[in-house]
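Reader: I am new to this structure and would like to learn how to read its features one by one. Could you show it to me and then take my questions in turn?

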Amino acid sequence: MNVITRAQWGARAPERASYQATWAQRTTFYVHYSAASKTQKVRAIQDYHMDTHGWNDIGYNWLVDSAGNIYEGQGWLSIGAHVANHNTAGIGVCFIGKDGDDTKLAREAIRWLYDEACRRAGRKLAIKGHRDSNATKCPGDKLYAWVRAGLPVDAPKPPTTGATYTVVRGDTLSGIAARYGTTVAKIAELNGIKNANLIHPGQKLKLPSTPSSHTVVRGDTLGGIAKRYGTTVDKLVKLNGIKNPNLIHPGQKLKLR
Ligand SMILES: [Zn+2]
């Protein structure tokens, strides 16, 4: 995913620091739309929120455009201003555009943010449209239907050779390694990182490629293998024509991609 940091989109400094929620308080993922031009700049949205509404910063936690770019708003844990009475529980993601402007790429980016939020929270968050909690048309009929369906997208492809990941605020190298089924040492080596604790938002990291196969050893489970390589049991079952996911045996060679 292409994550554009605040510095990269030219964010203004907030008027004052936002209050912070904890992951334990975060229960809900809210989808919004801007209901304006899909080419509107994130900075213009921030100016509107700060100068017209008098808020301390842009109201959303994240924004997504129709090309599928993700923009850092207030980030994961700052309490935003996007849904009355639910800003502590809710992470707000805004699609930039009008009803019907959303694209497959935009939906994939929103879904990626949802999965990432659940991973960080350590549990599933509820999925809501803004209109579920306030009297509003937001996020538009088309996007709302998709929200109600549970944000379905085609499964993301596993990372391939040369794939990069852009660090966002709050990332750790160990978290990124776990997500992509690799190790801190491998990412550090690929990127010439000397101090694994020093990564910064906006930094692009090369990711190791997924090997083409895995040879089962005693004690392996399909779930464990899927986790290690950043894929799913379903995918491995399909790729390898496995009839019973509980029956794999040492020495068996499994295709991973
Ligand atoms: Zn809204």
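Reader: How are the donor residues of the zinc ion spaced in sequence?

Author: A donor is an N, O or S atom within 2.8 Å of the metal (3.2 Å for Na, K and Ca), and since water is not among the atoms, a site may look incomplete. Here the spacing of the donor residues follows the pattern H-x97-H-x7-C. H32 lies in strand β2 (residues 28-33), while C138 belongs to the loop between β6 (126-129) and α4 (141-148), so this pair ties together parts that are 106 residues apart in sequence. Helices (H or I, at least four residues) and strands (E, at least two) are DSSP runs, numbered from the N terminus. The protein donors themselves are ND1 of H32, ND1 of H130 and SG of C138, lying 2.0 to 2.3 Å from the zinc ion.

Reader: What kind of model and numbering should I keep in mind while reading such values?

Author: This is a predicted model, in which local features need pLDDT of at least 70 and side-chain atom pairs count only at pLDDT 80 or more, whereas totals for chains, interfaces and linings use all residues. Residues are numbered from 1 along each chain as its sequence is written, and side-chain values use heavy atoms, with hydrogens and water left out.

Reader: Are H32 and C138 buried or exposed?

Author: Buried means under 20% relative accessible area, exposed over 50%, and partly exposed in between (1.4 Å probe, protein chains only). Both H32 and C138 are buried.

Reader: How should I read a pair of aromatic rings, and how many aromatic pairs does the structure hold?

Author: A pair of aromatic rings is described by the distance of the centres and the angle of the planes. Rings of Phe, Tyr and Trp (its six-membered ring) pair if their centres lie within 6.5 Å, and planes under 30 degrees apart count as stacked, over 60 as edge-to-face and the rest as tilted. The structure holds three aromatic pairs. One of them, F29 with Y114, is edge-to-face, at 5.3 Å centre to centre and 75° between the planes. Because F29 lies in strand β2 and Y114 in helix α3 (residues 104-121), the pair ties together parts that are 85 residues apart in sequence. F29 counts as buried at 0% relative accessibility, and Y114 is buried too, with a relative accessible area of 5%. The rings of W62 and W76 have their centres 4.9 Å apart and their planes at 55°, so that pair is tilted. W62 lies in strand β3 (residues 62-64), and W76 in the loop between β4 (70-72) and β5 (90-95), so the pair ties together parts that are 14 residues apart in sequence. Ring pairs also link W23, W62 and W76 into a cluster.

Reader: Which residue is joined to H214 by a polar contact between side chains?

Author: A polar contact is a pair of N or O atoms within 3.5 Å; within protein, one must be able to donate a hydrogen and the other to accept it, and residues adjacent in sequence count only if both atoms are side-chain atoms. The side chains of H214 and D220 are joined by such a contact, of 2.8 Å. H214 lies in strand β9 (residues 213-215) and, at 8% relative accessibility, counts as buried.

Reader: Where does K238 lie, and is K238 buried or exposed?

Author: K238 lies in helix α8 (residues 233-240) and is exposed, with a relative accessible area of 68%. The C-alpha atoms of K238 and E15 are separated by 52 Å, the two residues being 223 residues apart along the chain.
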